[in-house]
Amino acid sequence: RRGLRTLCLAARDLPEAEYVDWHRRYTEAQAVVSEDRAAQVQELAIEVEVGSGPLQLLGATAIEDRLQDQVPETIQQLRDAGLCVWVLTGDKVETAISIAYSCRLLDQEMTNIL
């Protein structure tokens, strides 16, 4: 099973008054020094994306996100030498597991604990 990295580009008209108000609140959220900062910034990003009207899809791309040369072999050599290899990713669990198999970080004999 193979997947593609996708990017969609969309736009919508944003009235100036709405933008000025949103940008002020967004700038304030970025300046927050607390654990709540990321949530505030994310909420405002969603607000401008959803906003007062739908986005118009302008285009989309999809590319195969292949491993660099020798990644599976290098990871296998590290494991054979007794090193523990860990991966930290922001990918979805399904994507991370697929990548782990393709680069030989996981194999069929291992127990996968989620």
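These legends accompany an overview and several close-up views of a predicted model.

**View 1. Overall fold of the predicted model.** The protein has 4 helices and 2 strands. From the N terminus on, these elements follow the order β-α-α-β-α-α. The C-alpha trace spans about 60 × 35 × 25 Å along its principal axes. The radius of gyration is 21 Å, whereas a compact globule of 114 residues would have a value near 13 Å.

**View 2. Surface and contacts of the whole chain.** Of the 114 residues, 10% count as buried. The accessible surface comes to about 9600 Å². Carbon and sulfur atoms contribute 55% of that surface. Among contacts with a separation of 6 or more, 69% involve residues 24 or more positions apart.

**View 3. The β1–β2 pair.** Strand β1 covers residues 5-11, and β2 covers residues 56-63. The two strands run antiparallel and are joined by 7 bridges. Two of the facing positions can be picked out here. L7 has T61 of β2 as its bridge partner. L9 stands opposite G59, also in β2. In a regular strand, side chains alternate between the two faces of the sheet.

**View 4. Exposure of the two strands.** Neither strand has buried residues: the count is 0 among the 7 residues of β1 and 0 among the 8 residues of β2. β1 is hardly covered. With no residue under the 20% limit for burial, β2 lies largely in the open.

**View 5. R12 in the loop after β1.** R12 sits in the loop between β1 and α1. Its relative accessible area is 17%. Burial requires a value under 20%, so R12 counts as buried. The side chain of R12 reaches the backbone oxygen of V48 at 2.9 Å.

**View 6. The surroundings of R12.** Residues up to four places away in sequence are left out of this contact list. E18 is one of the residues that R12 touches. R12 also touches E47, V48, E49 and V50. Further contacts of R12 are G51, S52, G53, P54 and L55. V48 thus appears twice in the picture of R12, because it is in the contact list and its backbone oxygen is reached by the R12 side chain.

**View 7. D13, next to R12 in the loop.** D13 also has its place in the loop between β1 and α1. R12 is buried, whereas D13 is exposed, with a relative accessible area of 75%. D13 and Q56 are 43 residues apart in sequence. In space, their C-alpha atoms are 9.5 Å apart.

**View 8. The tilted aromatic pair of helix α1.** A pair of aromatic rings is described by the distance of the centres and the angle of the planes. The count for this model is 2 aromatic pairs. One of them is Y19 with W22, at 6.3 Å centre to centre and 40° between the planes. An angle from 30 to 60 degrees is classed as tilted, and Y19 and W22 form a tilted pair. Both residues lie in helix α1, which covers residues 16-30. They are 3 residues apart, so about one helical turn separates them. Y19 is partly exposed at 38% relative accessibility. W22 is buried at 12%.

**View 9. The stacked aromatic pair and the ring cluster.** The ring centres of W22 and Y26 are 4.8 Å apart. Their planes meet at 20°, so the pair is stacked. W22 and Y26 are 4 residues apart in helix α1, about one turn of the helix. Ring pairs link Y19, W22 and Y26 into a cluster.

**View 10. Positive phi at Q70.** Q70 is not a glycine, yet it has a positive phi of about 70°. Q70 has its place in the loop between β2 and α3. Helix α3 covers residues 71-80.

**View 11. Positive phi at R104.** R104 is also a residue other than glycine with a positive phi, near 65°. R104 lies in the segment after α4, a helix that covers residues 93-102. The relative accessible area of R104 is 37%, and the residue is partly exposed.

Conventions:
Residues numbered from 1 in each chain as written. Predicted model: local features only at pLDDT ≥ 70, side-chain atom pairs only at ≥ 80, totals over all residues. Heavy atoms only, no water. Phe/Tyr/Trp six-rings, centres within 6.5 Å; stacked < 30°, edge-to-face > 60°. Buried < 20%, exposed > 50% of the residue type's maximum accessible area, 1.4 Å probe, protein only. Polar contact = N/O pair within 3.5 Å; in protein donor to acceptor, adjacent residues only side chain to side chain. Contact = heavy atoms within 4.5 Å. Rg over C-alpha atoms; globule rule 2.2 N^0.38 Å. Areas by Shrake-Rupley, 256 points an atom, 1.4 Å probe, with all protein chains shown as cover. Pairing = 2+ DSSP bridges.
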